[in-house]
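Subject: Structure handover

Dear colleague,

Here is the structure I said I would pass on. My notes on it follow below.

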Amino acid sequence: METNALAPQRKTALMIRRQMVQMPTVMALFSPIDKAVFLASTAKTIAEYETAELATELNTTLKWIAKDIGYRETDDSDRQYLVIRTAEILKRYYSGFSLKDFRMAFEMSITGELDEFLPKGRDGQAERNHYQQFNAEYICRILN
């Protein structure tokens, strides 16, 4: 089966968002938070990373997120496992996200911007605590 090399390429939502970044009139309409979220959605996606490169980036990213959320790391082997497991999950379930999206999700959780989207505890408050369990379940709760 032959493909036509001259056929127009179908534009993806990512391609359209990346073009919109170049339009000052569009970008001027965003609030600072909305602009940060939008720009994060135009960055290199998880799918565009090689696995080793993603793991390297995640190692640094997870270290800073842990500091932001108040998680006390115990040892390097736990972080190494978390990096590998998070890379696998991101590749499989969140490949359209960027690492900026990933970092932004945790920032928004810390500031309470995600509270309306997070599961609620018995007290009716958003369940954004990690209970010193910085693991795949906690990461997926924030990303979802």
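What percentage of the 144 residues of the protein chain count as buried? The figure is 33%. Please keep in mind throughout that this is a predicted model.

Overall layout

The protein chain contains seven helices and zero strands, so its pattern along the sequence reads α-α-α-α-α-α-α. Along the principal axes, the C-alpha atoms fill a box of roughly 55 × 40 × 25 Å. The accessible surface of the chain is about 9800 Å², and carbon and sulfur atoms account for 53% of that. Among contacts with a separation of 6 or more, 67% join residues 24 or more positions apart.

The core

The largest nonpolar core has 29 residues. Those that touch the most other members are Leu58, Leu62, Phe102, Phe106, Phe134 and Ile139. Two or more residues of this core come from each of α4, α5, α6 and α7.

Helix α7, residues 136–143, is mostly covered, with six of its eight residues buried. The buried ones are Tyr138, Ile139, Cys140, Arg141, Ile142 and Leu143. Their cover includes α4 (51–69), α5 (76–93) and α6 (99–111).

Phenylalanine 134 has contacts, beyond its neighbours within four places in sequence, with Leu62, Ile65, Ala66, Ile69, Tyr71, Leu82, Phe106 and Ile139.

The α4 and α6 pair

The axes of α4 and α6 are 11 Å apart and make an angle of about 10°. Angles under 35 degrees count as roughly parallel, and α4 and α6 are therefore roughly parallel to each other. On the α4 side, the residues in the contact are Leu54, Glu57, Leu58, Thr61, Leu62, Ile65, Asp68 and Ile69. On the α6 side they are Leu99, Phe102, Arg103, Phe106 and Ile110. By type, the residues of this contact divide into nine nonpolar, one polar and three charged.

Two residues of α6 are worth separate notes. Phenylalanine 102, found in helix α6, is buried, with a relative accessible area of 1%. Setting aside residues within four places in sequence, phenylalanine 102 is in contact with Leu58, Thr61, Leu62, Ile65, Thr86, Leu90, Ile139 and Leu143. Its C-alpha atom is separated by 8.7 Å from that of alanine 40, and the two residues are 62 residues apart along the chain.

Isoleucine 110 also lies in helix α6. Isoleucine 110 is partly exposed, because its relative accessible area is 37%, a value between the limits of 20% for buried and 50% for exposed. The C-alpha atoms of isoleucine 110 and aspartate 68 are separated by 7.8 Å, with their positions 42 residues apart along the chain.

Residues in α5

Threonine 86 lies in helix α5. It counts as buried because its relative accessibility is 3%, and the limit for buried is under 20%. Apart from neighbours within four places in sequence, threonine 86 is in contact with Leu58, Leu62, Phe102 and Ile139. Each of these four is also listed among the core residues that touch the most other members.

Leucine 82 is in helix α5 as well, and counts as buried at 8% relative accessibility. Not counting residues up to four places away in sequence, leucine 82 touches Leu62, Phe134, Asn135, Ala136 and Ile139. One of these, asparagine 135, is 53 residues from leucine 82 along the chain, and the C-alpha atoms of the pair are separated by 6.5 Å.

A loop residue

Is glutamate 50 buried or exposed? At 60% relative accessibility, glutamate 50 counts as exposed. Its place is in the loop between α3 (32–40) and α4. The C-alpha atoms of glutamate 50 and lysine 91 are separated by 9.8 Å, and these two residues are 41 residues apart along the chain.

That is what I have for now.

Regards

Definitions and conventions
Residues are numbered from 1 along each chain as its sequence is written. This is a predicted model: local features need pLDDT of at least 70, side-chain atom pairs count only at pLDDT 80 or more; totals for chains, interfaces and linings use all residues. Side-chain values use heavy atoms; hydrogens and water are left out. Buried means under 20% relative accessible area, exposed over 50%, partly exposed in between (1.4 Å probe, protein chains only). Helices (H or I, at least four residues) and strands (E, at least two) are DSSP runs, numbered from the N terminus. Contact means heavy atoms within 4.5 Å. A nonpolar core is a set of buried Ala, Val, Leu, Ile, Met, Phe, Trp, Tyr and Cys residues joined through side-chain atoms within 4.5 Å. Axes are lines fitted to C-alpha atoms, for helices over the stretch in contact, and angles run from 0 to 180 degrees between N-to-C directions. Angles under 35 degrees count as roughly parallel, over 145 as roughly antiparallel, 65 to 115 as roughly perpendicular and the rest as oblique. Ala, Val, Leu, Ile, Met, Phe, Trp, Tyr, Cys and Pro count as nonpolar, Asp, Glu, Lys and Arg as charged, and the others, Gly among them, as polar. Accessible areas come from the Shrake-Rupley method with a 1.4 Å probe; for residues, only the protein chains shown count as cover.
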